[in-house]
Structures are given as structure tokens and as C-alpha cells.
Amino acid sequence: MAGTVQSGERKPLPASLVGALEERFADRFQRGEAVLGQHGASETHFATVLPDAVVFAYSTEEVVALVKLCAAADIPIVPFGAGTSIEGNAAPIRGGISLDMSQMDRVLAVHAEDFDCVVQPGVRREELNVHLRDQGLFFPIDPGANATIGGMASTRASGTNAVRYGTMKDAVLSLEVVTPQGEVIRTARRARKSAAGYDLTRLYVGSEGTLGIITEVTLRLHPVPDTISAAVCSFDTLGGAVDTVVQSIQCAVPLARVEILDAKQMTAVNRWSKLDYPEAPTLFFEFHGSASHVAEQVETVKMLAEANGGGSFGWSNLPEERTKLWRARHEAYYAAVNMRAGAIGWATDVCVPMSRLAECIAETHADLEGASVPATILGHVGDGNFHVIFSIDPDAPAELDEVEAINAKLIERALAMDGTCTGEHGIGIGKQEWLVAELGGAVEQMRVIKRAMDPQNLLNPGKIFVL
Ligand SMILES: Cc1cc2nc3c(=O)[nH]c(=O)nc-3n(C[C@H](O)[C@H](O)[C@H](O)COP(=O)(O)OP(=O)(O)OC[C@H]3O[C@@H](n4cnc5c(N)ncnc54)[C@H](O)[C@@H]3O)c2cc1C
């Protein structure tokens, strides 16, 4: 499937670089077909673009060595975490080295008394939470895939908990970064706040590997709440479900999670996860706090749901029931794509101010009802963010055209509402024109920063914007 890849120029790896990498990394410098394919493929519809080689790093020192060798040979480096990004963010479109960080996967320190931890970038979010479980702490950011912390920091990821606990921009306290010149810097100390100079932490968070390679991350953690209650509630209409969320937020209910799934998405979830929920617009909720505080939150939300055509709440209070519920939500992407045999996924995400969310979802739903390509709506509606997942036939170019037209209309609608073309997936190669539509001249300032920090255009070239 073609997508909008601008591959630009590729330069073959010079023999001297190959020799140096073989010597430095031995069998962690790889050029086999399977490993190149794995690092060039995308989770969604983008065409596979192979790197020239893959290097698996074990340490910051190794990343420094790689950067210096590649800089001398003028060969690009594309950092790679788990490869689950949606907008072709880790695709090596100009070839070069795919730098796989997944083996830098140690939790270096947990400071329980300060509610933070220091991890290597290849640690995956689920493994981090297993590590923290015995200490009564958790890390809340949970994209649907089991992504790496380095990848999540680099895409400014979020997930179902963002409405209460924020996104990676809130979770990252400090970074160790290898610059395109091979210098190792730390962007901040562990203090909860700092006014010390430019906020480089937040510059690197969301920079999609274009400015530096993250080799260590200090993360903010949270205590596991006393009481956790999860529930599912179906509604007569999609509008009723959205209104319940908007009104709950307006009533200052501190929802921990609230996810919307339209009727088609519920059909897909039932089939994929072997569940039997009503196939109607549905909200998945989670409430955190003390027992009395949770009871208060539940009462308010139930009242609002009832007034908006919601049915009864189906509770999942045992940890294993909650895990089943949220696993079904996290698998919703695969459920939607696999509703159609042989289909591939085409996913988009927008985010709008809460006051415009109901209108934005209603208009988008109407577009999807009139489309010939199957599509579902689901999302982290508590912060105005939702996704559309299309299940497309990879051999039907007309479907790609139709989906691109619907996506364009959706993004134009979100921008007209003062929203954004991506709440959490980033720009990669898929949303570059929309970044310009959204931020105009600010994109030129981003280019100024990129040119100043990476004048050689060594790191993940061609992403976010073309220089
Ligand atoms: C089923 C499914 C559901 C998803 N749900 C969500 C969701 O709810 N919320 C959400 O935000 N995203 C979601 N995503 C997208 C994806 O999981 C996130 O974008 C995630 O942050 C990517 O992490 P990764 O480890 O896979 O990174 P990769 O895909 O490997 O890389 C992503 C970007 O980060 C850069 N990068 C990786 N590691 C480093 C490093 N150490 N230093 C510098 N740059 C680096 C890469 O070059 C690339 O630009 C979903 C994806 C799937 C497949």
C-alpha cells in the first residue's frame, strides 16, 4: 500500500562503515532479510521501507559510538523502540541504520519515596508495571500496544489514563540523550519542578527521534489507589454517550479512564475478545480514589448517564475482571481491522476542545455511515481525543482514496474547532501537510531548531517535516 512516503535520497553503507560496525557490534549488527523487514514494516498502511542494517545497542556508550561512526560516514540513524507507532514514525525512509533500543531494557532505579523511577528506553510499559507492582506504585501511560518507554516519550504518547494522569509530557521528569554530535546530556534533575533554563525535556518529548537518541528516562509514578472500580455502560445513541463524558468533566468528576466505542466497534470487540456486550454505543469507565470518593464519583456519573439514555452499569471490580475489560479495549484496534478478512488497518486520531467533542464525533460518524469502507470510532474521549479505524482492502486503491478524503475532512473539522490533527500518534510521515495546516509558520521554527541541533540531518530524516 503506497501511503505518502517521501523516500528522498538513499546512500549505500560505505564498506569502511560496515567494517567498523561489524567490529564494534559483532552479531548485534545485522543485515538479514527478516530483521530488515521487521524494522521497515509499519503497524498500519504505510509501505515497508527497509533500513540498510539494524544495530542492537546495549548501552549509552554504544549509542555514542554508533552516532560518531554514522556521522563520520554521513549515514542516517533511525531510533526504533517496539515499532508500534501509527504514522510511519520509525520507518527508515532514507535508509541507513535502524537503531534498535529494545535490549536497553533495565529498570535502573525506583525511588518509591519520591514517586519516580529511572529506566532504560527499551523497557516496555507493561513490564515496568509488573516491576512496580509490589511497591504499591504504577506508571499510568498505556497506549494500546506494549510500547517502549523511549518510543512513548518520543511520540508524546498517551492512552486510557490520560484524562486523569496526563500524557508523556507530564510523565517524563528528565532524559539522558545522545545528541547528533555524540555528546551525552541530561535535560533535568529529579526535582518535581525546575525553572532552570530552556525546557529541553519537553523539546525531546514528542520529537520522534529527530533531535537526539534517548538513552535513559526518569518517570513520574503514582500510588495505586485504595479503590479502583471499572464499569461498562451502553447508550441509546452515540451523542448520549459523548454528552455523559462532557458533562462528567464539566462537573469536575476526576474520571481515571473513560473510553468511547461506537456500535460497530462493540461488535468487533465482542467477536475478537469473545465477549457479549450490547452492540450499541458504549462507555468504559474507571474510577480511582478512596472508597467514599469513588462512590461519590459513580453516583454523579450514573445520574448523568441515565439522563442521556444510558443503561445499567456492568461492574468489573475484581482485578482479573478489570484486566479482561481493559485488555478488550486495548485490543480494539486489531478487533476493528480484523472484522474483514485480509484487511489492513488505517488509523487516524484527532483531539478537540471538550465543548466541541459531541459535534465533532457526530459529524464524523455521519461521514462514516455514508462510506463504503468499514470504519469504527473509539477513543479517549475524556480529553477530547478519538480515533477512527478503517479496515481497508490493501488491493483496492479506490478505498485508500476514499479513506484519505474522509480523513482530510475529519482533520479540517478538528482544526476548524481549534483542535489538533493528532492527539497522540504524532506526525511521522502521515500527517506532515496537516502539521502545516495546523501550525503554519511555527513549523519553520521547528525546522530552525532541527537545523541547529542536527545540521547534518542525521537522526530520523524526513520525519515531522522535510528540511
Ligand atoms: C494497537 C495499537 C494501539 C495504540 N494505541 C495508542 C494509544 O492509545 N495512545 C498512543 O499514544 N499511541 C498508541 N499507539 C501508537 C504507539 O503504540 C505509540 O506511538 C508508541 O509510543 C510507540 O512506541 P514504540 O516503542 O513502538 O516506538 P517506535 O514505533 O519504535 O518509535 C516511535 C518513534 O519514536 C522514535 N524512538 C523510539 N525510541 C527512541 C529513543 N530511544 N530515542 C529517540 N527516539 C526514539 C522512533 O524513531 C519513532 O520516531 C497504538 C499503536 C497500536 C499498534
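This passage describes a five-stranded sheet, the helices that pack on it and the surroundings of the ligand. The structure is a predicted model, in which local features need pLDDT of at least 70 and side-chain atom pairs count only at pLDDT 80 or more, while totals for chains, interfaces and linings use all residues. Residues are numbered from 1 along each chain as its sequence is written, and side-chain values use heavy atoms, with hydrogens and water left out.

The open sheet follows the order β5-β6-β10-β8-β9, with antiparallel pairing; strands are DSSP runs (E, at least two residues), numbered from the N terminus, as are helices (H or I, at least four), and two strands pair if DSSP finds at least two bridges between them. Because β5 (107-111) and β9 (184-186) each have a single partner strand, one side of each is left without a neighbour in the sheet. Four bridges join β5 to β6 (residues 116-119), and Val110 has Cys117 in β6 as its bridge partner.

Helix α3 (residues 60-73) packs on the sheet and touches β8 (172-178), β9 and β10 (213-220), contact meaning heavy atoms within 4.5 Å. The direction of α3 makes about 50 degrees with that of β8; axes are lines fitted to C-alpha atoms, for helices over the stretch in contact, and angles run from 0 to 180 degrees between N-to-C directions. Helix α4 (residues 125-132) lies across β5, β6 and β10, at about 45 degrees to β5.

Turning to the ligand, 36 residues surround it, each with a heavy atom within 4 Å. Pro79, Gly81, Thr84, Ser85 and Thr148 come nearest.
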